[in-house]
Each structure stands twice: as C-alpha cells, then as structure tokens.
Amino acid sequence: LASIFSGMDPATTSKSNHCLDAAKACNLNDNCKRLRSGYISTCSRELSATEPCSRRKCHKALRQFFDRVPGEFTFRLLFCSCKDPACAERRRQTIVPSCSYEDKDTPNCLDLRGACRADHLCRSRLADFHTNCQATFQSLTSCPGDNFQACLGSYAGLIGFDITPNYVDASTTSITISPWCSCKGSGNMEEECEKFLRDFTENPCLRNAIQAFGNGTDVNLAPKN
Amino acid sequence: SRRKRARARHKPCELRELEVSVSELGLGYESDETVLFRYCSGTCEAAVRSYDLSLKSMRSRRKIRKEKIRARPCCRPLAYDDDVSFLDAYNRYYTVNELSAKECGCV
C-alpha cells in the first residue's frame with residue numbers, strides 16, 4: 001500500500017483530493033486567485049543565497065489573503081480533509097511553510113508569545129484564538145458554545161503573525177498543529193510553556209473543528225432556538 | 001442547425017474561457033491544479049482599416065512583393081490577466097505571468 005501512495009500517481013489520487021478541489025475553487029475566483037498568487041509569489045521569491053525569502057513581506061501577503069478572501073475559499077484550502085499523503089502535503093504547503101513558518105532555529109514558545117504580544121494586532125488575534133478554541137468539557141464538541149466556525153476563524157487569523165501555526169507533518173491519520181517553537185530552555189516556566197503549546201498541539205476543540213469542516217459535518221451542530 | 005453553426009464560426013473577436021489543468025498548458029509544469037485559461041477568439045472583419053485596404057492594394061500592384069505582411073486585423077489579447085500560482089506534483093510553487101488574456105481586440 002505504501003508503494004502505491006509514494007508513487008503519487010495523480011490520476012489515482014485526484015479523485016478524492018479535497019485540497020486540490022479547494023485550489024481549483026480559488027483559481028476560478030478572480031479575487032481568490034489574485035491574492036493567492038500574491039502571497040505564493042512573494043513567499044517563494046528568493047532574495048539571495050543566504051536569504052531564501054522575505055518573511056516580513058510573505059507574512060503581510062498571507063494576512064491580506066486571509067483578511068480579504070471569504071472563508072468559503074480560505075477555510076477550504078486550510079482545512080481540507082485528506083485520505084492520502086499527497087493531499088496532506090498539499091494542505092501543509094498551503095501557507096508556503098518554508099518561508100512563513102520554518103526557521104533555522106527553534107525559538108522558545110514563551111519568547112514567541114512575548115514577541116506576538118508586543119504587536120497589538122497579534123496580541124488580540126492570539127486572545128481570540130484562546131477564547132474561541134479553548135477546549136472545554138462542558139460541550140459535546142469540546143469547543144466553547146459548540147462554535148467551530150469561530151475557532152477556525154481565530155486559527156486562520158493567526159497566520160501571517162509571529163505565532164503562525166501550521167500542520168507539523170503530512171500525516172492523514174492524526175492532525176497535529178503547532179507554531180514553530182519548542183519549550184526547551186523554559187527554565188522554571190516550563191509548565192506554563194507546555195500549557196501554552198498544548199493549546200495548539202493537543203487541543204480537542206481545534207482538532208474537532210478541523211475534522212468536522214473537512215468531513216462537512218460542521219453544519220447544524222449548534223442548534224439555535 | 002447549419003445557420004447557427006455558421007454564425008458561431010463568424011462571431012466577432014471576444015474573450016472566451018476554458019478550465020484546464022496546469023499540465024495541459026504545455027509549459028512543462030506537472031500539476032493537477034485547475035486554472036481558468038482565457039483566450040481571444042473570433043473574426044475581425046468589422047475592424048478592417050484604411051491601412052489594411054491600402055496594404056492589400058500595394059500588394060496587388062506588386063509594390064510590395066517579398067516581405068511578409070498582414071493586411072488583415074487579428075484577434076489578439078490587448079491586456080493579460082494577473083499572475084497565476086500553483087503547487088506542482090513535487091510540492092514546489094510556481095508563478096506564471098501573462099498566461100491568460102484579459103481583454104481582446106482586433107489589432
């Protein structure tokens with residue numbers, strides 16, 4: 001089975017590649033296509049041998065994309081469901097992680113949080129994420145008020161800031177999200193750091209929201225009377 | 001019907017569009033992503049200028065003989081669409097410019 005997948009024959013995988021469908025939907029919409037090309041070309045433009053891209057400009061273009069393109073396009077690209085690694089890799093590549101996400105060194109998560117809090121917009125987006133994706137045992141979905149959309153929106157709102165989250169690998173069975181940081185060197189703040197990091201890596205609300213969106217089961221979960 | 005087909009062939013110059021995969025563009029990229037390819041199609045009979053008529057006359061009077069000339073307007077893009085980006089089968093991003101027409105005219 002592994003050999004079939006690693007062959008990545010486009011003809012066999014394209015049938016159920018929701019991430020490819022999402023890219024098609026975006027390309028056929030002039031606004032989505034323009035802003036997607038905007039961030040992709042900025043984020044993949046090489047500056048010099050030592051500098052693969054301008055992260056600052058890449059982040060700005062990503063923020064414009066997620067701010068100005070409706071969620072019906074951006075959510076589909078970010079949270080498409082996958083049955084094979086080719087699809088999951090495409091999903092991971094959505095934000096051009098080599099420029100917007102990965103870095104030579106891995107900063108401490110609390111330092112990264114500090115950098116985010118120094119910027120008023122990043123600070124408020126992070127607060128939104130903590131509010132809307134806070135795992136709770138009081139609801140069926142683990143999300144506050146069973147509101148998946150609010151959690152997904154807050155997640156997308158972090159992209160293009162210091163705390164940009166992404167899929168850590170192209171796994172199809174388990175979805176793991178994290179900002180580019182670790183809790184090494186936290187000293188006596190280790191517990192605080194792990195708690196902060198777990199809001200991304202081990203968050204049942206965020207995971208359920210992403211899975212429900214991918215499966216199309218996120219509708220009518222919150223009955224309104 | 002036959003008349004309808006004849007009329008379709010003689011539509012004036014205008015923008016048309018096709019949904020195609022990036023691989024089908026023939027630019028050497030391997031990608032299953034679908035893009036909108038807009039192109040110019042149609043006749044330019046209504047756009048014949050004094051220039052074209054005179055050029056034809058010069059040719060028939062053999063004042064112009066060996067040169068390659070075109071005494072008819074041609075339906076071509078006047079402007080091109082914005083860049084289009086895609087992820088290829090090897091997970092590399094590419095951006096292509098001037099891929100698609102934005103506006104057509106008889107030039």
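This passage describes the interface between chain A and chain B of a predicted model, followed by two helix packings within chain A.

In the predicted model, 21 residues of chain A are in contact with 19 residues of chain B. The area buried between chain A and chain B amounts to about 1,700 Å², and carbon and sulfur atoms contribute 53% of that area. Across this interface, 11 residue pairs are found in polar contact, with both residues of each pair at pLDDT 80 or more. On the side of chain A that touches chain B, the elements that supply two or more residues are helix H3 (18-27), helix H4 (30-43) and helix H7 (85-92). The largest share of that side comes from H4(A), which gives 7 residues. Divided by class, the side of chain A that touches chain B comprises 7 nonpolar, 7 polar and 7 charged residues.

Salt bridges were examined next. The structure holds 13 salt bridges over all chains, and the count between chain A and chain B is 5. In one salt bridge, the side chain of Lys24(A) meets that of Glu19(B), at 3.7 Å from N to O. Another salt bridge joins Lys33(A) to Asp81(B), with the closest N and O atoms 3.5 Å apart. This latter pair crosses between chains, since Lys33(A) lies in helix H4 of chain A, while Asp81(B) lies in the loop between strand E3 (75-80) and strand E4 (84-87) of chain B.

Within chain A, H3(A) and H4(A) pack against each other at an angle of about 110°, their axes being 6 Å apart. Because angles of 65 to 115 degrees count as roughly perpendicular, H3(A) is described as roughly perpendicular to H4(A). The contact involves Ala23(A), Cys26(A) and Asn27(A) from H3(A), together with Cys32(A), Lys33(A) and Arg36(A) from H4(A). Lys33(A), which forms the salt bridge with Asp81(B), is thus also one of the residues through which H4(A) meets H3(A). By class, the residues of this contact divide into 3 nonpolar, 1 polar and 2 charged.

A second packing in chain A brings together helix H10 (residues 120-132) and helix H12 (residues 190-201), at an angle of about 70° and with axes 11 Å apart. H10(A) and H12(A) are therefore also roughly perpendicular to each other. Here Leu126(A), Phe129(A) and His130(A) of H10(A) meet Phe196(A), Asp199(A) and Phe200(A) of H12(A), and the contact has 4 nonpolar, 1 polar and 1 charged residues.

Note on methods:
Residues numbered from 1 in each chain as written. Chains lettered and ligands numbered in written order. Heavy atoms only, no water. Contact = heavy atoms within 4.5 Å. Buried area = accessible area lost by both parts, 1.4 Å probe. Salt bridge = Lys/Arg side-chain N within 4 Å of Asp/Glu carboxyl O. Polar contact = N/O pair within 3.5 Å; in protein donor to acceptor, adjacent residues only side chain to side chain. Helix = DSSP H or I, 4+ residues; strand = E, 2+ residues; numbered from the N terminus. Nonpolar A, V, L, I, M, F, W, Y, C, P; charged D, E, K, R; others polar. Axes fitted to C-alpha atoms, helices over the stretch in contact; angles between N-to-C directions. Parallel < 35°, antiparallel > 145°, perpendicular 65-115°, else oblique.
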